[in-house]
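Let's walk through this one together, starting with its pocket and working outwards to the whole fold. Have the viewer open as you read.

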Amino acid sequence: MKEILKNLNKAFENKIRLGIMSALVVNEYLDFNTLKELLDVTDGNLASHLKSLEGKNFITFRKEFLNRKSHTKYFASSEGKLAFTKHIKAIEQLLK
């Protein structure tokens, strides 16, 4: 049991960060507004959770300009995908 618990990652304990990673792992990328609508959160709330995941190198982003408006795309990093997969596998093991 202790071994399983070691694979749970505190970064994904929050439901918004869990939702962000779930969405980014199954999509090549998502933009800020799509994530905001998908998760039904405010700009500030989403931004703070994205910054937290960026700080852990679990996600990356790329800014572009479309029609003179900033457009930010978010991607799950390789490190983030690995950490998230370990986290989900640990939850699955706990449920068995």
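The largest pocket holds about 170 Å³ of space. Keep in mind that this is a predicted model. Who's around that space? The lining is made up of Asp 31, Phe 32, Asn 33, Lys 63, Ser 70, His 71 and Thr 72. Two elements put two or more residues into that lining: α3, covering 32-39, and β3, covering 69-76. Of the contributors, β3 has the largest share, with 3 residues.

Now zoom out to the elements themselves. The protein has 5 helices and 3 strands, and if you follow the sequence they come in the pattern α-α-β-α-α-β-β-α. So much for the order; how does the chain fill space? The C-alpha trace spans about 55 × 25 × 20 Å along its principal axes.

As for packing, 34% of the 96 residues count as buried, which here takes a relative accessible area under 20%. Then there's the question of how far apart in sequence the touching residues are. Take the contacts between residues at least 6 apart in sequence: 55% of them join residues at least 24 apart.

Last stop, the outside. The protein exposes about 6600 Å², and carbon and sulfur atoms supply 52% of that area. On the charge side, you'll find 17 positive and 11 negative side chains. How far apart are the centres of the two sets? They lie 4 Å apart.

Methods
Residues numbered from 1 in each chain as written. Predicted model: local features only at pLDDT ≥ 70, side-chain atom pairs only at ≥ 80, totals over all residues. Heavy atoms only, no water. Helix = DSSP H or I, 4+ residues; strand = E, 2+ residues; numbered from the N terminus. Buried < 20%, exposed > 50% of the residue type's maximum accessible area, 1.4 Å probe, protein only. Contact = heavy atoms within 4.5 Å. Areas by Shrake-Rupley, 256 points an atom, 1.4 Å probe, with all protein chains shown as cover. Lys, Arg positive; Asp, Glu negative; His and termini not counted. Charge placed at Lys NZ, Arg CZ, Asp CG, Glu CD. 1 Å grid on protein atoms, 1.4 Å probe; cavity = no way out; pocket = protein on both sides within 12 Å on 5 of 7 lines; lining within 4 Å. Points joined across faces, edges and corners; volume = space filled by probe spheres on them.
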